[in-house]
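The exercises below are meant to be worked through with the sequence and the coordinates open side by side. Each task is followed by a solution that proceeds step by step.

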Amino acid sequence: MINIKEKTIAYFVLALGAVIAIYPLFSIVNLSLTSKSNNSKVQNEFFGFYLGNYIEAWQRGAFNHAMLSSLFVSSCVVLLTLFCAILAGYAFALMQVPFAKTILVLLLFGLVMPYEGVVISLYEMMSSLHLLNTYWALILPQVALSMPFAVLWLRTFFSTVPKSIIESASLDGANKIQSLRFILIPLAKSAIGTLATLLFLFTWNEFLLALVLIPSNTSIQTVPLSLSFFAGNRRNSEPPVTAAAAVLVALPVLFAYLFLQRRLIRGIISGAVKE
Amino acid sequence: MSLKKLMWRFRYAEWSSLLFIAPAILLFSIFVVYPIFQTIWLSFWKWDRISPGVWVGLDNYKKVLSNPEIYSAFSHSLVFVLFYSLIPIAVGLLITLLLLRVKIRGESFFRAILFLPQIISTVVVAISWRWIYAADGPINSLLTKFGAEKITTAWLGNFDTSLIAVGIIGTWINYGLAMILFLSGAQRISQDLLDADRIDGANMRQEFRYILIPSIKGEISIVLIITLTFALRNFDIVWNATQGGPGNSTNVPSLFIYKSAFVNRYVGEAAATSFLLAIVILSVTGLLLLARKESND
């Protein structure tokens, strides 16, 4: 019962939505390729594209440091969170944890609590432990703050695994760790992969915690923070250079997104429906 | 809970499970639960990190609640709720209604693009929009082209437009999320139902109310929770687009907290404000979760 008119309208609306979603990115890419003056144009051209702003942004912004440090922080957060959350998710799904309900309510509470509620105390804590401006100050709180999401996600997944599979494993003499290691984790591979992707993305993009907890150590600043400082610095206030810096910083995420978007979006949709 | 039930629980509890949850719970307690109480504790002190703190009881709350800056910050949050949450949801619902019967080809392609604003760093987003809104940016050159030079302005730097301009950034970030989740939820609606409905002469408004809304209310509440939290916190975008300016025209509670805690060093007041903000966000999400549970039962 669909007529052509309806179909045309539908695609027109979708295309319009897509164009709007992409336009801001398109516009800074466009800006980043414009040269400030006409005489430098000859030097840094590449297939007709002017790349001088990129060279300037890369040299002045030291984004290679920031990217390595973001990569390190995000990987540590993902691995530590996964390790703790797999164990806890397993226990909450398949064991009689004492006070399980109370603990799960606490975790849910942590899931919706804004970071603003803890960020001042975290600063005081890290400052009294002399950990401000170190990787620890960024990694440990983010592992803890990611925990509710990860534990609840994995608990949901593990509780959908048919009990018969786990029972047959225990009949074969597998203990809890073995059945987790050899049966449940392989079954959960794709759920864990999606979770890891989401956690990585959240950590990579985290701004407030980085701003508060590593305010003055430029050598370990993460990508969003160093881009924010770069853009706020008067010396770098030429818009094309800032635009080039923003594009540079967005590129690795966009590239990863190209490969992971199906998994990511499917994960978010299914997660949203289940939670 | 009765005593008998409690004893039953104790007998059948697997105490070894505590070993499994220990690492997660330990980290969560040290870096989330303890800091929450620490924030509340700090909110009763007057302290600037240099001289010793003075116990002031509820004075910080009195001070904060009598500060007009806080009220303006929370009123800006309300405007952001409209732009970050309600408008994206309205747009998403409208488009979903429009596409209800259409089998979309290349759906995953559209999804991937519509989801893009969600994955890009908020700093990159703020920088792009700073350019779009700039005095010599694309919006103004478009306006000039159509002979409307009179209304060109530095959109983020103008007291009259800055709040709405920051709001629109949020609409841009969230409308795709709403569309994707609503469209995927709407796929559960059977075409037979829609066809039967149309034969019965239902109009779009009835379809909206009696078919679309009931079948995707789960998605609606999830999008509400995500976007409302985003709107009420909203530190990153404001910080990187306007830093709360010009004047205080785009100031929000989280920015007020950051500035008083780390720039002006009114630690106690900042802690009191963050406790208040957390309470507001927790009650809003709590109410939504409760409503959701109730409609599911």
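**Exercise 1.** In chain A, what share of the contacts with a separation of 6 or more is accounted for by residues 24 or more positions apart?

*Solution.* The model is a predicted one. Among the contacts in chain A whose separation is 6 or more, 77% join residues that are 24 or more positions apart.

**Exercise 2.** Describe the secondary structure of chain A, and then decide whether chain A is spread out or a compact globule.

*Solution.* Begin with the elements: chain A contains 12 helices and two strands, and along the sequence they follow the order α-β-β-α-α-α-α-α-α-α-α-α-α-α. Next, compare the radius of gyration, 23 Å, with the 19 Å that the globule rule gives for 275 residues; the value is well over the rule, so chain A is more spread out than a compact globule. The C-alpha trace, taken along its principal axes, spans about 80 × 70 × 35 Å. Finally, of the 275 residues in chain A, 44% are buried.

**Exercise 3.** Characterise the contact between chain A and chain B, asking how many residues each chain gives to it.

*Solution.* Chain A contributes 70 residues and chain B contributes 78. On the side of chain B that touches chain A, the largest share comes from helix α2 (residues 17-42) of chain B, with 16 residues. Sorted by class, that side of chain B has 55 nonpolar, 15 polar and eight charged residues.

**Exercise 4.** Locate the largest nonpolar core, and work out where it lies with respect to the domains of chain A.

*Solution.* The core has 164 residues, and those that touch the most other members are A88(A), M147(A), V151(A), L213(A), A245(A), A246(A) and A24(B). Helix α6 (residues 135-158) of chain A gives the most to this core, namely 16 residues. Because domain 1 (4-52) and domain 2 (62-274) of chain A both give residues to the core, it lies between them. For a closer view of one member, set aside the neighbours of L213(A) within four places in sequence: L213(A) is then in contact with L122(A), Y123(A), M126(A), L132(A), A137(A) and L138(A).

**Exercise 5.** Is F230(B) buried or exposed?

*Solution.* First place the residue, which lies in helix α11 (residues 217-233) of chain B. A residue counts as buried if 20 or more other C-beta atoms lie within 10 Å of its own; F230(B) has 21 within 10 Å, and is therefore buried. As a further step, take the C-alpha to C-alpha distance from F230(B) to N174(B), which is 9.5 Å although the two are 56 residues apart in sequence.

Conventions. Residues numbered from 1 in each chain as written. Chains lettered and ligands numbered in written order. Predicted model: local features only at pLDDT ≥ 70, side-chain atom pairs only at ≥ 80, totals over all residues. Helix = DSSP H or I, 4+ residues; strand = E, 2+ residues; numbered from the N terminus. Rg over C-alpha atoms; globule rule 2.2 N^0.38 Å. Buried ≥ 20, exposed ≤ 12 C-beta atoms within 10 Å, placed from the backbone. Contact = placed C-beta atoms within 7 Å. Nonpolar A, V, L, I, M, F, W, Y, C, P; charged D, E, K, R; others polar. Core = buried A, V, L, I, M, F, W, Y, C linked by C-beta atoms within 7 Å. Domains from an automatic or database assignment.
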